[in-house]
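Visitor: I am new to this structure and would like to be led through it by questions. Could we begin with the spaces inside and then turn to the contacts and strands?

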Amino acid sequence: MDMKWFEDMEARIPRGKVRTRFAPSPTGYMHVGNLRTALYTYLIAKKGKGQFILRIEDTDQGRLVEGAVDVIYKTMKDCGLTHDEGPDVGGPVGPYIQTERRELYGKYAELLLEKGGAYRCFCQKAEAEETGEEFKKTENPCARLTKEESDAKAEAGEPFVLRQRIPRDGTTTFHDEIFGDITVPNDTLDDNVLIKSDGLPTYNFANVIDDHLMGITHVVRGSEYLASAPKYNLLYEAFGWEIPKYVHCSPVMRDHQNKMSKRHGDPSYEDLLGQGYLTDAVLNYVALLGWSPGGEQEIYTLSELCETFDISGISKSPAIFDIEKLTYFNAEYIKAMSKEDFTKLAEPYIRQSVKNPAIDISAFAPLLQPRTDKLTDIPEKIDFFDSLPEYDIELFTNKKSKTDAEISLNMLGKALTALEAISDWTEEIIHDTLIELAEKLEVKNATLMWPVRIAVAGKAVTPGGAVEICHILGKDETIKRIRFGIEKLK
């Protein structure tokens, strides 16, 4: 065995800095839990002035989804989680795709075999069992083969998997930054498969090798991997390597009983964008799913999170995904945008309903921005601008505004005359004309404005009032709609 090669690999490892990795499998969309893992991993690196690495774990070839790697890249870019090293940008410890490191795993498997931390298993097990689930050491005769017997079987071409050799006695203790010290009896740990019969490593083996060779100092993953952590420790110890800090995060739940699941209709990151949520709002909300910064502040930019984030604030308890809370965050982010940015973002949603090119898109911003929780709310809010919807004259009756059909007919007649007389159709002049008319008629402003708004919009709930809507519609369309309202009421 060429030990010089292993020494050279050790010499490549970056040391002395915080190094974290996000290591997704390209098996579909970016789920909320995965996004949170990516975010926490990024924040730990940036808070520690270290490096954030992207590694693609594609050893489970049967679950790969075409285009999923592109989804990972796009999501990371959209969220501003820029990786310092990865498949697309390179780095000192590449390659950063597991299937491109296959030869490397084989060499470390041989080294582990040499050190006595693993053994070849020639038992005829089903391929599905090669994850090492529920395989009892006491039932495996291969663990008792001598080196010479094992070598002879391998040289004779007998197929085998490589299993981790777990001690039969004693306990293994590991430390997690959130859960503290955890001790497990070794006789509860199975000899899990490290190298499958096709030569590819299992997750349990590849992630330990990669984390060590990439100099990873903090391993962030879901708490479902707590049960595997003692086996990872035993691997590190068998190789004589330093054990990284473990950060196991509790799951994101749909409710108190069920984890979030795409199969059950729970949204992925891409789904949330499609539902009208902003990336910054999603990221801010996801940061607080299981992490508390302390204090009253809730709205954080990514740079503020980099300064504030601390592992000690991560909770042991599962986090409940609350779509209403996310909607609140989203509305706050929308309100905080500049008028120009909101208009640009809202334009495609506005144009779903307002196809008339003569209508100025920018006029909608002051109406919509303070009243929009999600971008997808916009089309329905303004669907009356292009064409007046069918509406019932009952809408003209409003107790608060003190209107009914008869009063509304009178108000519309007076308003029609006043609005027809306007030559310069500005919002200010429309406003002053109607306010002066209400004063002249000795009625509350609402008694005049309510029927005008119903006539021009055909809806009880609209973004903006009668004045703003009349201004955007233009004089001709406003007059036309008021006349139509008068006819309905006669």
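Visitor: By class, which residues make up the lining of the second largest cavity?
Guide: In this predicted model, the second largest cavity is lined by Arg36, Tyr40, Cys249, Ser250, Leu289, Gly290, Ile314, Ser315 and Ser317. Its volume is about 30 Å³. Glycine is counted among the polar residues here, and sorted in this way the lining of the second largest cavity comes to four nonpolar, four polar and one charged.

Visitor: Which residues line the largest cavity, and how many of them are charged?
Guide: The structure holds two cavities of 30 Å³ or more, and in the largest cavity there is about 30 Å³ of space. The residues that line the largest cavity are Met9, Arg12, Val93, Gly94, Arg101, Leu104 and Leu213. Divided by class, this lining has four nonpolar residues and one polar residue, and the number of charged residues is two.

Visitor: Which residues lie nearest the centre of the second largest pocket?
Guide: The second largest pocket holds about 300 Å³ of space, and its lining is divided into six nonpolar, five polar and five charged residues. Of the 16 residues that line the second largest pocket, those nearest its centre are Arg15, Gly215, Ile216, Thr217 and Glu242.

Visitor: Turning to charged contacts, how far apart along the chain are Arg55 and Asp211?
Guide: A search of the whole structure finds 22 salt bridges, and one of them joins the side chains of Arg55 and Asp211, with 2.9 Å from N to O. Arg55 lies in the loop between β2 (51–54) and α3 (68–79), whereas Asp211 belongs to helix α6 (residues 203–213), and this pair that links distant parts of the chain is separated by 156 residues.

Visitor: Are Arg55 and Asp211 buried or exposed?
Guide: A residue counts as buried when its relative accessible area is under 20%. Arg55 has 0% relative accessibility, and Asp211 has a relative accessible area of 1%. Because these values fall under the cut-off, Arg55 and Asp211 are buried.

Visitor: Where do Asp151 and Lys147 lie?
Guide: Asp151 and Lys147 form a salt bridge in which the closest N and O atoms are 2.8 Å apart. Lys147 has a relative accessible area of 51%, and so counts as exposed. The two residues are four apart, about one turn of the helix, and both lie in helix α5 (residues 147–155).

Visitor: Why do Lys153 and Glu158 count as neither buried nor exposed?
Guide: The side chains of Lys153 and Glu158 meet in a salt bridge, 3.6 Å from N to O. Buried means under 20% and exposed means over 50%, with a class in between. Because Lys153 has 29% relative accessibility and Glu158 has a relative accessible area of 33%, each counts as partly exposed.

Visitor: Which residues are joined into one network by salt bridges that share partners?
Guide: The bridge between Arg55 and Asp211 has already been described. Through salt bridges that share partners, one network is formed by Arg21, Arg55, Glu57, Arg101, Asp210 and Asp211.

Visitor: In what order do the three strands of the open sheet lie?
Guide: The edge strands, which pair on one side only, are β3 (118–121) and β7 (193–195), and the twist averages 45 degrees from one strand to the next. β3 pairs with strand β4 (residues 161–164) over four bridges in the antiparallel sense, and Cys121 stands opposite Val161 in β4. The pairing in this open sheet is antiparallel, and the order is β3-β4-β7.

Visitor: Which side chains along strand β5 point to one face and are buried?
Guide: Strand β5 and strand β6 (residues 180–185) form an antiparallel pair over six bridges, arranged as a hairpin with three residues between them. In a regular strand the side chains alternate between the two faces of the sheet. Along β5 (residues 171–176), Thr171, Thr173 and His175 point to the other face and are not buried, while the buried side chains are those of Thr172, Phe174 and Asp176.

Definitions and conventions: Residues are numbered from 1 along each chain as its sequence is written. This is a predicted model: local features need pLDDT of at least 70, side-chain atom pairs count only at pLDDT 80 or more; totals for chains, interfaces and linings use all residues. Side-chain values use heavy atoms; hydrogens and water are left out. On a 1 Å grid over the protein atoms alone, a cavity is a set of points where a 1.4 Å probe fits but cannot get out, and a pocket is an open set with protein on both sides within 12 Å along at least five of seven lines; lining residues have an atom within 4 Å of a point. Grid points are joined across faces, edges and corners, and a volume is the space filled by probe spheres set on the points. A salt bridge is a side-chain nitrogen of Lys or Arg within 4 Å of a carboxyl oxygen of Asp or Glu. Buried means under 20% relative accessible area, exposed over 50%, partly exposed in between (1.4 Å probe, protein chains only). Two strands pair if DSSP finds at least two bridges between them. Axes are lines fitted to C-alpha atoms, for helices over the stretch in contact, and angles run from 0 to 180 degrees between N-to-C directions.
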